[in-house]
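Grab a pencil and work through the exercises that follow. Each one sets a task and then walks through a solution step by step.

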Amino acid sequence: MTARHRRCGHGTGPLHPGDQKAVAEATAMLTARKRPAPWTGHGDIAVRIAADARGLERGRPADGQPADADPVALVLIHPDTEATLTGTLHCARSRIHGAWTTPYRLLTHAVAGRDLPPEVDLSA
């Protein structure tokens, strides 16, 4: 009988390839969180849903909106399927973390299997 074991992080020897992938994804997420790419007014954005929360959501600004608009009209979208999760919201520029990058995917409600809060308010 063959037993399958996963490392607990305290074992000796090289990491399993699956563990290496998880470590690389977590490292990329932490680096992107610490040094966000600035949002230039175009493309998807990473937005903080709650002012004190660490999670981020992917937002897509409305078409034809000026790059320097405040507040920004946007919809929240699923990071993988790009399906719309909300109607149009008005988001204060102070809530924008930066340009959306793939490592932020780990910080979203959708990937964690949770629903967005019922009353999302991004105005402050």
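**Exercise 1: A charged cluster**

R60 and E82 form a salt bridge, with their closest N and O atoms 3.2 Å apart. Keep in mind that this is a predicted model.

Task: Starting from that pair, work out which residues are linked in a network of salt bridges.

Solution.

Step 1. Place the two partners. R60 sits in strand β2, while E82 belongs to the loop between β3 and β4, so the pair connects distant parts of the chain, 22 residues apart.

Step 2. Look for another partner of R60. D44 also makes a salt bridge with R60, and here the closest N and O atoms are 2.8 Å apart. Since R60 lies in strand β2 and D44 in the loop between α1 and β1, this pair ties together parts that are 16 residues apart in sequence.

Step 3. Now look for another partner of D44. R58 forms a salt bridge with D44, and their closest N and O atoms are 2.7 Å apart. This pair also links distant parts of the chain: R58 is in strand β2, D44 is in the loop between α1 and β1, and they are 14 residues apart.

Step 4. Put the links together. D44, R58, R60 and E82 make up a network of salt bridges. For the whole model, the count comes to five salt bridges.

**Exercise 2: Buried or exposed?**

Task: Sort the four network residues, D44, R58, R60 and E82, by how they are classed for burial.

Solution.

Step 1. Get the cut-offs straight: buried means under 20% relative accessible area, exposed means over 50%, and partly exposed is in between.

Step 2. Start with R58. Its relative accessibility is 11%, so R58 counts as buried.

Step 3. Go on to D44. With 14% relative accessibility, D44 counts as buried.

Step 4. Try R60. Its relative accessible area is 29%, so R60 is partly exposed.

Step 5. Finish with E82. At 41% relative accessibility, E82 counts as partly exposed.

Step 6. Check what surrounds D44. Leaving aside neighbours within four places in sequence, D44 is in contact with W39, R58, G59, R60, P61, I77, A99 and W100.

**Exercise 3: Lay out the sheet**

Task: In what order do the five strands form their sheet, and which are the edge strands?

Solution.

Step 1. Read across the sheet. The order is β4-β3-β2-β1-β5, the pairing is antiparallel and the sheet is open.

Step 2. Pick out the edges. These are β4 (89-91) and β5 (96-99), each of which pairs on one side only.

Step 3. Add the twist, which averages 45 degrees from one strand to the next.

Step 4. Zoom in on one pairing. Strand β1 (residues 45-47) runs antiparallel to strand β2 (residues 57-61), and three bridges join them. In this pairing, V47 stands opposite E57 in β2.

**Exercise 4: Find the cores**

Task: Which residues touch the most other members of the largest nonpolar core, and which element gives the most to this core?

Solution.

Step 1. Begin with the membership. The largest nonpolar core has 13 residues, and L74, L76, C91, I96, V120 and L122 touch the most other members.

Step 2. Ask which elements contribute. Two or more residues come from each of β1, β3 (72-77) and β4. The most come from β3, which gives three residues to this core.

Step 3. Follow one member, V120. Apart from its neighbours within four places in sequence, V120 is in contact with I49 and L89.

Step 4. Look for another core. There is a second, separate one of seven residues, and its members include A32, A46, L56 and W100.

**Exercise 5: Two backbone oddities**

Task: Where are the cis peptide bond and the positive phi outside glycine?

Solution.

Step 1. Recall the background. Most residues other than glycine have a negative phi, and most peptide bonds are trans.

Step 2. Find the cis bond. The peptide bond from D70 to P71 is cis, with omega near 5 degrees. P71 is placed in the loop between β2 and β3.

Step 3. Find the positive phi. E82 is not a glycine, yet its phi is positive, at about 60 degrees. E82 lies in the loop between β3 and β4, and the salt bridge it forms is with R60.

Terms used:
Residues numbered from 1 in each chain as written. Predicted model: local features only at pLDDT ≥ 70, side-chain atom pairs only at ≥ 80, totals over all residues. Heavy atoms only, no water. Pairing = 2+ DSSP bridges. Helix = DSSP H or I, 4+ residues; strand = E, 2+ residues; numbered from the N terminus. Axes fitted to C-alpha atoms, helices over the stretch in contact; angles between N-to-C directions. Core = buried A, V, L, I, M, F, W, Y, C linked by side-chain atoms within 4.5 Å. Buried < 20%, exposed > 50% of the residue type's maximum accessible area, 1.4 Å probe, protein only. Contact = heavy atoms within 4.5 Å. Salt bridge = Lys/Arg side-chain N within 4 Å of Asp/Glu carboxyl O.
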